[in-house]
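User: Hi! Could you walk me through how some of the helices pack here?
Analyst: Happy to. Let's bring it up first.

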Amino acid sequence: MARVLDSMRRLLVGRPYDTERLNRRPLGRFTALPVFSANAWSSIAYAPDEILLTLALGGTAALALGPEIGVAVVAVMLLIVVSYRVAIRAYPEGGDYAISRANLGPWAGLTVGAAMMLDFVFTVAVSMAAMAHYLVAVIPVLEGGETLIAVAGVVVLAMASIRGAGRGRVTPAALAYVFLALLFGMIVAGIVQDVTGTLGPATSAGVEPVPDPAFSEGLGGLALAVLVLRAFSSGSALATGVEVPASNVGAMAKPRVRLARSVMLAMGLTAGASTLGVMYLADRTGVVFVLDPAGLQAVGGGPVPEDYVQNPVLAQLANAILGHGGILAGALILMVAVLLVLAGHSAFKSFPELASRLAADGYLPRQLLTRGDRLGYTNGVVLLALAALALVVVFQAQTALLVQLYVIGVFLSFTISQLGMVRHWSRQLAHTPGVRARQAIRTRRLVNLVGLVVTALVALVVLVTRFGQGAWVALLAIAAMVFVMSRIRGHYDSVALELDLASAEDARALPSRVHAVILVMSIQRPTLRALAYARASRPSSMEAVVVDLDKQSTGRLVAAWDRLGLPVPITVLASPYREMSEPLIRHLRALRRTSPRDLVVVYIPEYVVGGGWKALLHNRTTKRIKARLHHEPGVMVASVPWQLATARSRGASTSWSDIPAPPTGPWTGPVESGVQGNGSPADQADRP
């Protein structure tokens with residue numbers, strides 16, 4: 001069975017990689033741009049949708065504000081890009097966590113780390129949910145299976161990350177460039193059609209949203225302002241992922257800082273230009289997008305056609321501009337889905353690396369530092385996959401609902417990071433001589449200060465306008481993660497303090513005496529080997545103990561012990577409730593009370609069985625006993641293994657036909673830990 005499991009593991013994971021493969025060739029300009037921009041570019045697939053579905057609450061008239069809100073969102077995104085371009089100069093190997101921790105202290109760094117981990121979880125969930133909707137747009141027969149598609153996407157990404165798929169960056173980069181080419185080709189074609197008067201309407205132009213009474217009656221300008229702010233906060237999802245190049249400077253070719261800054265600029269300009277183009281064309285084609293299609297009506301009133309299907313904004317534009325059902329339209333929609341997969345894969349790389357950094361600082365379990373067979377942080381990948389799957393299932397792959405919890409964590413980390421950079425430049429200014437150098441630092445500080453103010457305002461707007469829609473859940477999750485990680489760090493600190501050598505402690509100190517206790521459960525070869533090992537260690541005193549689980553079996557065992565003339569006294573421990581561990585522990589504690597400075601070593605004989613079905617035929621009494629003894633102070637456990645023939649020849653396969661027929665005589669096999677057989681121990685002792 002072990003061979004079967006190992007074969008299945010190799011089939012799923014692949015052969016292990018040598019550690020030398022970690023030294024990968026750095027990425028050049030044309031490869032780094034699409035690889036580290038996929039996360040930001042993928043926001044174009046759902047940020048316009050979020051703006052329009054929020055404006056739809058105010059009716060058709062409010063949808064006309066889409067392009068203006070798009071401009072505001074793009075302006076904020078570009079400002080954040082400029083701020084990170086400045087931060088890269090000071091922290092080329094950093095990122096938000098390193099910046100915040102270095103300048104604002106461990107609590108700020110911990111908050112940013114928790115927010116970023118949550119962001120990566122939402123990146124996977126949102127990307128896979130949006131991917132599912134775009135696949136349905138290009139393959140209508142999949143309608144109704146969005147949740148299953150998103151779940152499958154998360155599982156496939158997790159397996160690909162565990163296998164190390166995508167380490168060769170050429171294919172993902174090429175796919176991202178194909179997406180950009182098709183997207184900008186559609187935007188240019190749409191603008192040309194609009195100028196020439198040949199631009200057709202979107203499929204949703206024949207319907208209109210039913211206004212929400214809260215925004216259409218009674219509040220006037222105040223209601224409009226609230227609606228605009230809510231739309232802006234939803235569209236701020238466009239800024240998600242812009243920090244990825246700043247956190248991966250070390251993976252780029254030299255000169256790394258200059259290349260990272262140029263990648264960030266190109267990423268921001270392409271994302272901003274494409275978003276503005278999409279918002280403009282959505283307005284010109286009359287795109288309508290709502291959270292619940294049941295809230296639509298035909299233009300002028302009346303029911304919506306029964307065959308109406310609401311597709312994402314980019315899918316509607318592709319069909320309107322490139323031809324409904326055409327090859328180019330289908331190719332663009334399909335490439336949007338592919339880009340969303342690449343964005344999810346990027347999160348599957350970033351999350352485990354961030355988790356490993358937090359684990360290295362003691363804030364997360366150290367198991368997250370372990371690399372798997374394919375050099376990835378397998379435990380971090382599994383943790384991310386489970387969290388993303390939970391979100392996808394709970395929210396039924398509804399992108400709009402997931403985004404409500406997404407944006408607040410992003411801008412919280414942005415704000416704290418920018419505050420850290422402002423403090424960094426202020427410290428640098430105090431120790432920098434020269435007029436020109438000081439002026440350069442003032443300029444950089446001003447850029448980060450503006451970024452701080454803007455991101456803080458956006459975070460406040462998101463919190464206020466989206467608090468009731470789920471922003472409080474994200475804040476609560478971040479606070480809970482900070483609390484848990486601080487407790488983990490406290491545990492590791494207390495363990496390190498307890499294990500550290502005190503100044504007055506003598507590392508050469510020895511216990512006063514050593515008492516050897518041999519646990520006897522049968523008179524067999526493993527027991528005699530344990531007895532021989534205990535005697536060879538020359539302890540100060542030695543005794544054998546047997547727990548009286550059955551008086552008749554215990555009597556036969558003691559008689560066999562005396563008949564063999566073994567030079568070690570044997571003690572029988574009463575066990576009226578047939579429990580193995582408690583009588584032994586009480587006996588050991590009594591020894592410790594009489595000599596608290598002495599050491600007690602318990603020798604436990606056990607035999608090793610081969611794998612497969614044979615391992616299922618034996619109990620785990622010795623394992624339970626050892627687990628209990630490990631918690632006893634001043635007690636050490638010495639396991640004395642006896643390898644059976646099945647363990648020594650584990651490489652040989654055994655089929656069911658190899659199993660011998662049951663013997664007709666009395667049982668004379670080995671008596672396992674805590675299990676008394678039908679044969680007499682005295683008779684068994686006579687065997688070699």
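User: Which residues of helix 13 and helix 14 meet?
Analyst: From helix 13, Leu314, Ala315, Ala318, Asn319 and Leu322 touch Leu328, Ala329, Leu332, Ile333 and Val336 of helix 14. Contact means heavy atoms within 4.5 Å, and helices are DSSP runs (H or I, at least four residues) numbered from the N terminus.

User: How many are nonpolar, polar or charged in the contact of helix 13 with helix 14?
Analyst: That contact has nine nonpolar residues, one polar and no charged. Ala, Val, Leu, Ile, Met, Phe, Trp, Tyr, Cys and Pro count as nonpolar, Asp, Glu, Lys and Arg as charged, and the others, Gly among them, as polar.

User: Is this model solid everywhere, or what should I know?
Analyst: It's a predicted model: local features need pLDDT of at least 70, side-chain atom pairs count only at pLDDT 80 or more, and totals for chains, interfaces and linings use all residues. Residues are numbered from 1 along each chain as its sequence is written, and side-chain values use heavy atoms, leaving out hydrogens and water.

User: At what angle do helix 13 and helix 14 pack?
Analyst: About 160°, with the axes 8 Å apart. That makes helix 13 roughly antiparallel to helix 14 (over 145 degrees).

User: New topic: at what angle do helix 14 and helix 15 cross?
Analyst: Roughly 120°, with axes coming within 8 Å. Helix 14 and helix 15 are therefore oblique to each other (not under 35, over 145 or 65 to 115 degrees).

User: Which residues of helix 14 make that contact?
Analyst: Ala347, Phe348, Phe351 and Pro352.

Terms used
Axes are lines fitted to C-alpha atoms, for helices over the stretch in contact, and angles run from 0 to 180 degrees between N-to-C directions. Helices (H or I, at least four residues) and strands (E, at least two) are DSSP runs, numbered from the N terminus.
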